[in-house]
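Reader: I am new to this structure. Please go through the terms used for it and show how each one is reached.

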Amino acid sequence: MVKAPEEEHPVKAFGWAARDNSGILSPFHFSRRATGEKDVKLKILYCGVCHSDLHSVKNETGKVTYPVLPGHEIAGVVTEVGSKVTKVKVGDKVGVGCMAGSCRSCECCANDLENYCSKMILTYRSKYFDGTPTYGGYSDIMVCDEHFIIRWPENMPLDGGCPLLCAGITTYSPLKYFGLDKPGTHLGVVGLGGLGHVAVKFAKAFGAKVTVISTNPDKKEEAIKNLGVDSFLVSRDQDQMMAAAGTMDGILDTVSAHHAVQPLLNLLKPNGKLIILGVIPKPLELPVFPLLSGRKTVAGSGIGGMKETQEMLDFAAKHNITADVEVIPMGYINQAMERLEKADVKYRFVIDVAGSLKDA
C-alpha cells in the first residue's frame, strides 16, 4: 500500500508543492527521513527559484510525477548531524544544490563528476535510494547526505548566494572545462537572465573580455553600466553580427527557447567553442559547414560535481560574486512563476523561506 507523503518518513515537514500540470503551488504536508549516521539535517532559510522549477511544476519534460515540491538552490543552517558526519557541525551555514545522491562508485563519481553519474539523484522529482520521492527547498527542513552538502563561505550572503548553487556552477564549470577562464579570452554570453548575468560576473572575474548577445536592445545599458560587459550585440541586427564575426574564443548560450545556432557559430574564431547551457525543448538545427570550415565545437554542459561546486562558491566569495535577486515571500511564488515565464525578473527570485513559510 502506498503511503501518503506525510507518512513516508518519521520527521514531519511542510512546504509548497504543485499537484498537477497547472503548475500552481500550494501548502503541502510531507515528511523527511530521520537523520542517518552520514546525514545532515538543516533548517532552510532561503531557496532560489530556477527556470527548471517552472519547467518541472508544469511537467514540460513529460517525466514528472506529482506532487512536485521544487527548489535546488538551498541555503540554510545545520540543526542536526549524524554520528559519522565530519564535514559540518550544528550551527554551520550550508547549501544544497541540484543533487541529493549518486552511486559514488562509477568512473564519473570517482572523478568528482557526480553530476554525470547515470544513477544521480536530483534534489527534487527523483526517487531516493529507499524508493521515496525527493522533495526540494520550497520547504522548512531538509535531510541530506553530507557528501552533497556545500560549506558556506563566511562572507557570502545567503540570499544572493543560493542561486549560485545552480546558476553559478552551470556557468562556472564550462568556463573552466573548456579553457575559457584565461585572462584576455573573448567570451560571448547569449541571454542576460538568471544564468547569463552570473556568467558575465564569473567571466569578468577571470579577466575575460565579455560581449552580451541579446535579442533585446533595451538590455544594453544595464549590461554595460551594471554588469560591466565590454560590448553588446543585438542578435537581430545583421550589421552588428557581421561586424563581430570571427572575434570570439567561446560562447555560453544560456537561452532556453528555440533559436538559430548558425549566427552564433559565425561569431567564433577558428577553434572556437559554442557551449549550450539552456534546456531547449525542441531539437536545434545544426549547420555542419561552419563547424568544418573553422574546426569549431558545439558542446553542452550541466551543473558540476560537488568538489567543483564548492570551488565555485569559494571563488565567488573571494571575488564578491552574488546573483542579483528579488527576495519574495513563499505566498508570492505563483505570481513569481508567472513573471519568470515572461522573463520579468532581474535576475533571480529567492524565497525567504524561514521568514515567510509559516505565514504563507
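Author: Buried means under 20% relative accessible area, exposed over 50%, and partly exposed in between (1.4 Å probe, protein chains only). The model is predicted: local features need pLDDT of at least 70, side-chain atom pairs count only at pLDDT 80 or more, and totals for chains, interfaces and linings use all residues. Residues are numbered from 1 along each chain as its sequence is written, and side-chain values use heavy atoms, with hydrogens and water left out.

Reader: Why is Lys-38 called partly exposed?
Author: The relative accessible area of Lys-38 is 35%, and partly exposed is the class between under 20% and over 50%, so the label applies to Lys-38.

Reader: What makes Lys-38 and Glu-146 a salt bridge?
Author: A salt bridge needs a side-chain nitrogen of Lys or Arg within 4 Å of a carboxyl oxygen of Asp or Glu. For Lys-38 and Glu-146 the N to O distance is 2.7 Å. Glu-146, at 7% relative accessibility, counts as buried.

Reader: What does the pair of Lys-38 and Glu-146 tie together?
Author: Lys-38 lies in the loop between strands S2 (25-32) and S3 (39-49), and Glu-146 in the loop between strands S8 (141-145) and S9 (150-151), so the pair ties together parts that are 108 residues apart in sequence. Strands (E, at least two residues) and helices (H or I, at least four) are DSSP runs, numbered from the N terminus.

Reader: Why is there no bond between the sulfurs of Cys-108 and Cys-106?
Author: A disulfide is a pair of cysteine sulfur atoms within 2.5 Å. The sulfur of Cys-108 is 4.9 Å from that of Cys-106, the closest cysteine sulfur, so this is too far for a bond. The structure holds zero disulfides. Cys-103 is in none either, as its nearest cysteine sulfur, in Cys-106, is 3.5 Å away.

Reader: How do you know that the length of helix H5 agrees with what it should span?
Author: The expected span is 1.5 Å times one less than the number of residues. For the twelve residues of H5 (194-205) that gives 16 Å, and the end C-alpha atoms are 17 Å apart, which agrees.

Reader: Why is H5 called largely enclosed?
Author: Ten of its twelve residues are buried, so the rest of the structure largely encloses H5. Among the buried ones are His-197 and Phe-202. In contact (heavy atoms within 4.5 Å), what covers them includes helix H4 (167-177) and helix H10 (306-318).
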